[in-house]
Structure formats: C-alpha cells, structure tokens
Amino acid sequence: MYPIVRLIKDTVLASRMERLPITGMHVSSHICWPWDLDMWMELNNGRTMTLYDLGRTMLAQRVGLIRCLRERRWGLTVAGSSVRYRRRIRGFEKFEMRSRTAGWDDKFIYVEQSMWKKNGDCASHVMLRTAVTDKSGIVPPQKVLEALGQHAEASPELPGWIRDWCAADAGRPWPPMQDRLA
C-alpha cells in the first residue's frame with residue numbers, strides 16, 4: 001500500500017522549509033518501519049523506490065514544482081531509472097535520504113537520490129529520467145524552468161555516467177523481448 005500518511009506528512013514538512021533552486025539538495029530523515037520490510041527483515045526494494053518517490057515529491061515541493069504542476073495541470077512521470085543497492089537497511093533503522101536534480105536536456109530532467117545509514121555508509125543510489133507532462137506530452141525542461149522563475153538557468157553538465165546510461169538506454173530495443181515471439 002502506498003504510504004499516504006508519510007506523503008502528507010513529508011509534503012507539509014517540505015512546504016515549511018526554505019525554497020531550493022532547481023539544483024538544490026533536499027535532505028530528509030526516515031525510519032524503516034515494520035511495513036517497509038521484506039521477509040529477510042530489511043527494507044524491501046519496492047518500498048525503497050516508493051520512499052525515493054516521496055523524496056522526489058519533497059524536492060519538487062521545495063523547488064516550487066508542485067505549485068507549477070497544479071497551476072498548469074501538468075503531471076510528473078518517471079521515464080527510466082537505474083538503481084544500485086549496496087547496504088541493508090534493517091527494521092527500525094534510521095537513515096537519511098538525499099535528493100537533487102543532476103541536470104536536464106531538451107526532454108528530460110535527471111534526478112539522483114541516495115539513502116545513507118547513520119554510520120555514513122551509502123545504502124542505495126538511484127538515477128531517474130523524469131519528465132513533466134501535459135495533455136500534449138512532455139513539457140520541455142526550459143518551459144518548466146520558466147514556470148519556476150529560473151528560465152536563465154543552464155543545466156549543469158551531466159556527469160559522464162549519466163550520459164553513458166542515456167546512450168546505453170537509447171540502444172535498448174523497444175518494445176522489448178520481441179526476438180522470442182517469432
């Protein structure tokens with residue numbers, strides 16, 4: 001089940017925090033509750049992605065994007081992701097989530113997020129290709145930046161690993177798995 005109570009709590013908290021620029025970092029604290037656990041008593045990988053979703057929502061709130069989405073009747077979607085898991089987060093363990101916009105191109109906004117254990121170890125990291133949408137499809141990031149009042153902002157250069165991921169993903173067949181149907 002989607003953590004609606006967490007979403008409401010986190011959105012209210014984020015709305016009371018200082019506004020961030022589009023490339024600012026939102027940092028939030030969390031606890032791994034029993035309903036977040038898998039059968040091995042650690043944070044479930046699906047719940048990890050849901051918690052990252054909450055972190056992006058808080059980031060969007062702080063940069064002013066939620067207001068723009070509502071005013072313009074825009075939507076927000078994930079068009080791709082790559083995640084790495086490196087350390088377990090166990091029940092009742094506290095951890096920190098960091099969320100930031102890494103940059104954008106003519107179509108997508110790239111967001112990276114990470115979860116950090118109290119001992120300083122990075123537990124997981126995700127890079128997401130996101131898009132703002134309207135009834136016609138994808139809204140160009142420059143138009144989104146204009147709506148945020150940051151139209152003069154140029155994208156930071158995307159790190160090589162993000163550019164490499166984009167290039168690799170562009171070569172991925174779509175629709176997938178068609179070679180087995182013949």
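Helices, given here as H with a number, are DSSP runs of at least four residues, numbered from the N terminus. Helix H1, which spans residues 4–15, contains Val 12. The structure described in this report is a predicted model.

**Helix H1 and its surroundings**

Val 12 has a relative accessibility of 34% and therefore counts as partly exposed, since that class lies between the limit of under 20% for buried and over 50% for exposed. Together with Tyr 2, Ile 4 and Ile 8, Val 12 forms a nonpolar patch on the surface. The accessible area of these residues together is about 330 Å².

Helix H1 also packs against another helix. Two packed helices are described by the angle between their axes and the distance between the axes. For H1 and helix H2 (residues 45–63), the angle is about 30° and the axes are 8 Å apart. H1 is therefore roughly parallel to H2, because angles under 35 degrees are placed in that class. The crossing of H1 and H2 is right-handed.

**Salt bridges**

Side chains of opposite charge can pair when their charged atoms come close. In the whole structure, a search finds 15 salt bridges. The table presents some of them, with the distance between the closest N and O atoms.

| Acidic residue | Basic residue | Closest N and O atoms |
|---|---|---|
| Asp 36 | Arg 47 | 3.5 Å |
| Glu 96 | Arg 98 | 2.7 Å |
| Asp 169 | Arg 172 | 3.4 Å |

Are the partners in these pairs buried or exposed? In the salt bridge between Asp 36 and Arg 47, Asp 36 counts as buried because its relative accessibility is 0%. Arg 47 is likewise buried, with a relative accessible area of 12%. Asp 36 lies in the loop between strand E1 (25–31) and H2, whereas Arg 47 belongs to helix H2, so this pair ties together parts that are eleven residues apart in sequence.

The salt bridge between Glu 96 and Arg 98 has partners of intermediate accessibility. Glu 96 is partly exposed at 23% relative accessibility, and Arg 98 is partly exposed at 29%. In the pair formed by Arg 172 and Asp 169, Arg 172 counts as exposed, with 59% relative accessibility, while Asp 169 is partly exposed at 21%. Salt bridges that share partners also join Arg 6, Asp 36 and Arg 47 into one network.

**Backbone features**

Most residues other than glycine have a negative phi, and most peptide bonds are trans. Which residues joined by a cis peptide bond can be found in this model? Trp 174 and Pro 175 are joined in this way, with omega at about 0°. Pro 175 is located in the segment after helix H5 (160–170).

The segment after H5 also holds Met 177. Phi of Met 177 is near 60°, a positive value in a residue other than glycine. With a relative accessibility of 65%, Met 177 counts as exposed.

Phe 92 is not a glycine, yet its phi is positive, at about 70°. Where is Phe 92 placed? Phe 92 occupies the loop between strand E2 (75–85) and strand E3 (94–104). Phe 92 is exposed, since its relative accessible area is 55% and the exposed class begins over 50%.

Conventions: Residues are numbered from 1 along each chain as its sequence is written. This is a predicted model: local features need pLDDT of at least 70, side-chain atom pairs count only at pLDDT 80 or more; totals for chains, interfaces and linings use all residues. Side-chain values use heavy atoms; hydrogens and water are left out. Patches are made of residues with over 30% relative accessible area and no salt bridge: like charges are joined within 9 Å, nonpolar side chains (Val, Leu, Ile, Met, Phe, Trp, Tyr) within 5 Å. Accessible areas come from the Shrake-Rupley method with a 1.4 Å probe; for residues, only the protein chains shown count as cover. A salt bridge is a side-chain nitrogen of Lys or Arg within 4 Å of a carboxyl oxygen of Asp or Glu. Helices (H or I, at least four residues) and strands (E, at least two) are DSSP runs, numbered from the N terminus. Buried means under 20% relative accessible area, exposed over 50%, partly exposed in between (1.4 Å probe, protein chains only). Axes are lines fitted to C-alpha atoms, for helices over the stretch in contact, and angles run from 0 to 180 degrees between N-to-C directions. Angles under 35 degrees count as roughly parallel, over 145 as roughly antiparallel, 65 to 115 as roughly perpendicular and the rest as oblique. A crossing is left-handed if the near helix is turned anticlockwise from the far one by less than a right angle, and right-handed if clockwise.
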